[in-house]
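This report walks through one protein model, strand by strand and residue by residue. The sequence and coordinates come next.

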Amino acid sequence: MPILEVKQLHKSFGALEVLKGMSLNVAEGEVVALIGASGSGKSTLLRCVNRLETPTGGSVVFEGQEVTPQNLNRVRREIGMVFQRFNLFPHLTALQNVTLAPCKVLKIPEEQAKREGMEFLAQVQLAAKAHNYPGELSGGQQQRVAIARALALRPKLLLFDEPTSALDPELVGEVLAVLRQLAHEGRTMVIATHEMGFAREVAHRVIFLDEGVICEEGHPEQVFTNPKEERTKAFLARVLQR
């Protein structure tokens with residue numbers, strides 16, 4: 001049974017239909033890369049999975065149960081999300097950002113949360129910055145703290161919404177290195193990304209979205225070297241020439 005099933009998902013903002021009946025499954029331990037132009041529906045799809053946006057139609061099933069307002073708190077504990085813009089609390093240190101949710105949501109004792117928080121910061125190579133505030137960190141470091149914060153709830157599924165798009169080019173590599181390590185650990189991840197080389201290297205499956213529908217999906221080598229759909233070919237021709 002897939003850990004995540006998206007069934008005929010629709011999402012509209014007023015008259016604008018952003019998702020047009022999208023369906024996909026994600027298996028446990030699978031890394032799925034979502035690619036496509038800005039506005040194709042990648043971010044909206046991820047936000048609908050954990051109900052940051054309420055779908056207009058269709059359903060999201062996590063571990064065999066449909067995600068509803070009634071079970072949303074449990075689902076959000078088990079689906080971690082990392083955003084484009086970090087969303088760290090500026091008045092809290094890196095360690096405090098990481099430990100806040102385990103203490104408040106999981107009711108973990110503060111000392112245990114601090115000890116485990118240091119382990120998560122070490123995992124993203126930032127133990128030395130534990131007591132720094134976000135304003136004292138680079139964008140890449142802030143994003144790695146955000147990843148540690150997501151890991152601290154021990155989620156079964158991780159969603160990444162273009163995690164490198166807000167970074168200066170020289171900082172992208174340090175975040176991608178963390179994502180590679182998580183993939184090697186067998187984490188279940190869905191990653192919306194503009195980094196084509198990373199998607200080709202790390203993903204088990206690549207899904208190309210175009211105008212709110214899944215236009216093509218398959219193994220990275222198939223999608224990148226021999227795409228079947230003309231829209232996929234046109235998109236890759238544009239982005240790979242940059």
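## A covered central strand

Both faces of β3 are covered: Val31, Ala33 and Ile35 are buried on one side, and Val32 and Leu34 are buried on the other. That puts 5 of its 5 residues in the buried class. Buried means under 20% relative accessible area, exposed means over 50%, and partly exposed lies in between (1.4 Å probe, protein chains only). Helices (H or I, at least four residues) and strands (E, at least two) are DSSP runs, numbered from the N terminus.

The model is predicted: local features need pLDDT of at least 70, side-chain atom pairs count only at pLDDT 80 or more, and totals for chains, interfaces and linings use all residues. Residues are numbered from 1 along each chain as its sequence is written, and side-chain values use heavy atoms, with hydrogens and water left out.

## The mixed sheet

β3 belongs to an open sheet of 6 strands in the order β6-β7-β8-β3-β9-β10, with mixed pairing. Its edge strands are β6 (79-82) and β10 (213-218), each of which pairs on one side only. From one strand to the next, the twist averages 20 degrees. Axes here are lines fitted to C-alpha atoms, for helices over the stretch in contact, and angles run from 0 to 180 degrees between N-to-C directions. Two strands pair if DSSP finds at least two bridges between them.

What are the partners of β3 on the β9 side? Strand β3 (residues 31-35) pairs with strand β9 (residues 205-210) in the parallel sense, over 4 bridges. Val32 has Arg205 as its bridge partner in β9. β3 also pairs with strand β8 (residues 189-192), again in the parallel sense over 4 bridges. There, Leu34 has Ala192 as its bridge partner.

## Asp210 in β9

Asp210 sits in strand β9. Asp210 is buried, at 17% relative accessible area. Its side chain makes a polar contact of 2.9 Å with the side chain of Arg231. A polar contact is a pair of N or O atoms within 3.5 Å; within protein, one must be able to donate a hydrogen and the other to accept it, and residues adjacent in sequence count only if both atoms are side-chain atoms. Leaving aside residues up to four places away in sequence, Asp210 touches Ser40, Cys215 and Arg231. Contact means heavy atoms within 4.5 Å.

Cys215 is itself buried, with a relative accessible area of 12%. Cys103 is partly exposed, at 25%. The disulfide count is 0, where a disulfide is a pair of cysteine sulfur atoms within 2.5 Å.

## The antiparallel sheet

Another open sheet has 4 strands in the order β2-β1-β4-β5, with antiparallel pairing. β2 and β5 (65-66) are the edge strands, each pairing on one side only. Strand β4 (residues 57-62) pairs with β5 in the antiparallel sense over 2 bridges. Phe62 has Gln65 as its bridge partner in β5. Helix α1 (residues 42-49) lies across β1 (4-13), β2 and β4, and runs at about 115 degrees to β1.

Asn25 lies in strand β2 (residues 16-26). Asn25 counts as partly exposed, at 39% relative accessibility. Residues up to four places away in sequence aside, Asn25 touches Pro2, Leu4, Glu5, Val6, Glu30 and Arg205. Asn25 and Ile207 are 182 residues apart in sequence, but 11 Å apart in space, C-alpha to C-alpha.

## An enclosed helix

Helix α5 (residues 139-152) has 14 residues. It reaches 20 Å from its first C-alpha to its last, close to the 20 Å expected at 1.5 Å a residue. The expected span is 1.5 Å times one less than the number of residues. Of the 14 residues of α5, 14 are buried, so the helix is largely enclosed by the rest of the structure.

## Positive phi values

Three backbone positions deserve a look.

| Residue | Place | Phi |
|---|---|---|
| Gln8 | strand β1 | near 50 degrees |
| Arg154 | just after α5 | about 55 degrees |
| Glu211 | loop between β9 and β10 | about 50 degrees |

Gln8 counts as partly exposed, at 48% relative accessibility. Glu211 counts as exposed, at 53%.
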